[in-house]
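Me: I have a new structure open and would like to learn how to read it. Could you take me through some features step by step?

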Amino acid sequence: MADVQIARALPLAGMVHGGAEVTVSAAPAAYRISLRAGGPAVAALSKALGVTLPKKPGTSASAGSRHALWLGPDEWFVFDETADPAADCAKSKAAHSAVDISHRNTAILVSGPAAADVINAGCPRELSLEAFPVGACSRTVMGKIEIVLYRTGAEDFRVECWRSFSDYAFAFLADAARGL
Amino acid sequence: MTTAGTNRIAGKGRLTPANTVRFTFDGKSYTGLEGDTLAAALIANDVHLVGRSFKYHRPRGILSAGPEEPSALVGVRRDAARQTPNIRATVQEIHDGLDAVSQNRWPSLAFDIGAVNDIGSPLFSAGFYYKTFMWPKVAWKHVYEPVIRNAAGLGTAPEEPDPDHYAGRYAHCDVLVIGGGAAGLSAALAAAESGAQVILCDEKPSFGGALWFEEEARLDGMDGYEWAQQTTDRLAVMDNVRVLSRTTAFGYYAQNFVGLVERVTDHLAAPEADMPRERLWQVRAKRVIIAAGAIERHMVFANNDRPGIMLAAAARTYLNHHGVAVGRKVGVYTANDSAYAAAIDLKKAGSDIPAIVDIRDNPDSVVVEEAKALGIRVLTGHAVTGAGGKLRVASMSVEPKNGGSAEVIPVDALLMSAGWTPSVHMFSQSRGKVAWDEESQRFLPGTYAQDCVSVGACNGTDGLAETVAEALDAGERAAKEARAKAKKSGVKIKTEGGGKWAGGMIGAGPGAGAGKVVKAFVDYQNDVTAKDIRLAVQEGMHSIEHVKRFTTNGMATDQGKLSNLHGLAIAAEALDRPIPKVGLTTFRPPYTPTTFGAIVNHARGKLFDPMRCTPMHASEEAAGAVFEDVGQWKRAWYYPRPGEDMHAAVNRECRTVREVAGMFDATTLGKIEVIGPDAAKFLDLLYTNPFMKLGVGKLRYGIMCREDGFIYDDGVVGRIAEDRFHVTTTTGGAPRVMNHMEDYLQTEFPDLKVWLTSTSEQWAVIAVQGPKSREIIAPFVEGIDLSSEAFPHMSMAEGKVCGVPARVFRMSFTGEAGFEINVPADYGRMVWDTLHEHGKPMGMCLYGTETMHVLRAEKGYIIVGQDTDGTVTPHDAGLSWAVGKKKTDFVGIRGLMRPDIVAKGRRQLVGLKVKDGRTVLEEGAQIVADPKQAVPMTMIGWVSSSYWSENCGRPIAMALVEDGFERMGDTLYVPMPDRVIEVEVTNTVFFDEEGGRLHG
């Protein structure tokens, strides 16, 4: 085969919008899967993935670089910056659907004392630490797009959105960070 | 006299005399003090005339000291783009360089030509629009309407786009407190100390509400206003409290969802560039405490709109907060006690009070005695029947209310108070039902519809001690209801003094001149007089809703805050029915005018709507693509070369694809991964085609119907494994097809073990089509035998392209041999660029959606939504072959058996050959069998797709025609405005009828 340079071009590669109150930046590349499975398969898949899939709505579980977010009664979003979770799921015989969405989504990291306020410019979810603690996650909206929101720290969020909406998401967050 | 205006009283007010501010009004420069509203600063400079009224162009002054202001509306300009009309001078704070102008006057405020309307006013009485300009009809559009529109209306809208930035914020809380007077602050404090998350908002720059003017009120031993500031500071530092000043709660929606608008920069001389002008807060509160206070009403008497006539409490605000005396010789006309306090305050500050005219016969109150003790003449049982002066009130005519001789008393300001109207706007917007309280003659909150409570003056609670007690209790209760762990607040507040809100009158006084030609204004902003309301009743308007619309009473931007009750009482009197039987009109959001900027906030410019681009967008742009909008997507439409127009570019692209090869970005197609042991069974039910036997590695074109049998979407489905399918949908259909599938899976076929995942954006899709397509891609493909034998038309395989994992489909939407290469999206551009670089020297071109459309039409391939319109079955579209004959069930199977679907006369998809061989038909053009028939003709179909086909050397078209399949070879006609075009009915395949090229 002909010689070609393999380059993964992230849609927001290197983008950063920073201030004292909040920093909005593109997340590094990650492996991602959308995992669907019925109750009986959860234990086997948890074992295969090395992380216990959470069963409580809006919660997540992490093991090392791997994070599993509950999105529905039979749906999890799993991402990992170092190893492909799809390969691990393939080891399990339990009936499930693991679909590679590494490139479908891209992520934006929002950090700083005003992170929640900036996201709340377009996301109607309550983001107090009481209602949305560290580790909480939700498929929700921001402005005119759908996002998956994941709180990684008291002042840190990961905003996952589809690739073609990432320009909008980044611009929205940057606009919301103006004149807080 | 200080530098900040001749009416500034030394030692009065809370502003700092050294903090002067320069501003202009109608081009003249004035000095005010920091903390002044424009109204306060103008009065300080003895300017009472600030505008002309809406209809009669009457000189108007400042009536109030708050957001209820109906009269003092001005334009405020920062620069050419920042010109805001109809700003309430009583709300706008002054800052250095503020530039305000009066409105609705020409050539000048003091001499206004439009004031002839006032003289000709019998023409302009209630309903005049409906009656006066009825004939001749044509004159309405060309004469009356333009003239009226020029003469009426307030202010001028800016002509440039708004350069300001607006922000939005969603917020949640346990307790939202609307209003920051003694009631709101007490409630917020109690709720906060109980441990609740609290948001407290007030529309004024600082908290205090009535404490702005209630000088004798004391809380916790402090001056009331000072207590309010200390309490605000105490709240502001609590972690569980958000304090929002200059923030109006304008709308109360379902489930305690309340809209607030915060004015961030309008009061600043030089706002930082990044600060939003306004911020929209959308608050979801577990409990809402409404502490909106009460609004003082005016007295209805002749010429009650002369500048210098104002509400009594407003005069107290100007004196006690701003240190400004509204006049030196101030008359007072009242129907309750609270105006006495204004008279007393002004008297003590040095103004002369020639008389207090009290319409009550025997007012019995300490304030009456206090006024008398100060030497003020109190005329009980008297009424003001008119005001003298034009640009400024000069006198008041006083008569015994039951008749007698009039005395004219010179004044330079006239204060009035008819009593206080509880502000039930927010309560009413929450869908609560107000109840008439006969004893106090007020509408008060009655039946609640949401989790809210009213406290203080808006709840009809009188007296400061009672208000604070009620608010503390409500605050603690709301906290406990919202939060299980709430504790006792322990807040206690001592009160002394404070005014009362009960008492007064509603309706017109003796000075409203029943039946006489006088102007006693009920609604200042819309120029509605007492006479107008009586006239409306006389003309048969018996419902208050009809009276409102006939007279426009309460329909101005102030929402009738002053006028509603007076209007209602006058109508009730004219109808001789009790007030509650006549009823109150509905309060609707917004409470005060709210800018579009705040409502749309971030959704402007780039953020108006997401613009979706494929991973290859930048490369396409570099190649000179012209893009078209397809939903939110930008798709490459065609790639013109230097000197080419669209027609030439498309012709070249169409030729090149068929002669050599072309490359097309098909990324926007919807894609769904269907996985599970029952995946094939599920697709068999969702599509008309059979899927059970589709082999692994094979593709099938599928049609999806709705229950009614009409085509919903189409696409190619590939079987990747026994239990795994790659489904494609149309670009526009992606989200709805996913929903349609999920809907059926969850409701109709829940027993099937299938999962659906959208992969639309996981894959970049590069279509390489044409005789040389294989040659072009082959060097970059690993792990797939691309030969026609191993990989025939409608096959798919997984392998690598350009070293990255790929799903390669051997398929065609052009009729040529071709491939659609799916690679993970982040590699899309790399693969595109690589193939382009390699294919270009071989003669390959890039082609866009227009060429794609022409090529598919040459082959008779349909586009759902273009060649179908939601009433086309697979049979109508000539796709009977795609409906599984042996299938016993699929979505739409019963719909396709309906008698009218199988009857003759259906419109069927056929080809049209234009007989002249040159004319490209218009898409959407109607088709008739006989062009000589009378108009309106019987139309038997319409053109759905039509193009110039460079490859056929003639125009091609598809059309839906009644019984089209039976008309092959017939001549039909397309009547156009200038001529009739003759066409011949053909089949829909115009190029390579045998289809041999597909397999090349």
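What follows is a short conversation about parts of chain B and where it touches chain A.

Reply: Happy to! Please keep in mind that this is a predicted model. Let us begin with the domains.

Me: Which domains is chain B divided into?

Reply: There are four entries: domain 1 covers 166-294 + 422-496, domain 2 covers 617-668 + 762-859, domain 3 covers 669-759 and domain 4 covers 904-999. For a sense of scale, the C-alpha centres of domain 1 and domain 2 of chain B are 63 Å apart.

Me: Now a sheet, please. In what order do the strands of the open sheet of seven strands in chain B come?

Reply: A general idea helps here: side chains in a regular strand alternate between the two faces of the sheet. In this case the order is 41-42-43-44-40-34-45, and the pairing is mixed. Strand 41 (781-782) and strand 45 (845-846) of chain B are at the edges; each has a single partner strand, so one side of each has no neighbour in the sheet.

Me: In which sense do strand 34 and strand 45 of chain B pair, parallel or antiparallel?

Reply: Parallel, over two bridges, with strand 34 of chain B spanning residues 662-665. To find the place by eye, look for M663(B), which stands opposite L846(B) in strand 45 of chain B. Helix 22 (residues 828-839) of chain B packs on this sheet, touching strands that include strand 34, strand 40 and strand 45 of chain B. The direction of helix 22 makes about 15 degrees with that of strand 40 of chain B.

Me: What does an antiparallel case look like in chain B?

Reply: Try strand 13 (residues 247-253) and strand 14 of chain B, which run antiparallel and are joined by six bridges. One place to look is T247(B), opposite E262(B) in strand 14 of chain B. This hairpin has three residues between the strands, and Q255(B) takes a positive phi near 50 degrees there. On to strand 15 (residues 278-290) of chain B: seven bridges join it to strand 14 of chain B, again antiparallel, and V258(B) has V283(B) in strand 15 as its bridge partner. Strand 14 (residues 257-263) of chain B is mostly covered, with six of its seven residues buried.

Me: How should I read a helix, such as helix 11 of chain B?

Reply: In general, an α-helix has 3.6 residues a turn, so residues three or four places apart point the same way. Helix 11 (residues 464-482) of chain B has 19 residues and reaches 27 Å from first C-alpha to last, close to the 27 Å expected. Since 14 of its 19 residues are buried, helix 11 of chain B is largely enclosed by the rest of the structure.

Me: Is A474(B), in helix 11 of chain B, buried or exposed?

Reply: A474(B) is buried: 27 other C-beta atoms lie within 10 Å, and the cut-off for buried is 20 or more. Leaving out residues up to four places away in sequence, A474(B) touches A187(B), I289(B), V453(B) and V455(B).

Me: Lastly, how many residues of chain B are in contact with chain A?

Reply: The contact involves 43 residues of chain B and 39 residues of chain A. On the chain B side, strand 8 gives the largest share, six residues. By class, that side has 21 nonpolar, ten polar and twelve charged residues.

Notes:
Residues numbered from 1 in each chain as written. Chains lettered and ligands numbered in written order. Predicted model: local features only at pLDDT ≥ 70, side-chain atom pairs only at ≥ 80, totals over all residues. Pairing = 2+ DSSP bridges. Helix = DSSP H or I, 4+ residues; strand = E, 2+ residues; numbered from the N terminus. Contact = placed C-beta atoms within 7 Å. Axes fitted to C-alpha atoms, helices over the stretch in contact; angles between N-to-C directions. Domains from an automatic or database assignment. Expected span 1.5 Å × (residues − 1). Buried ≥ 20, exposed ≤ 12 C-beta atoms within 10 Å, placed from the backbone. Nonpolar A, V, L, I, M, F, W, Y, C, P; charged D, E, K, R; others polar.
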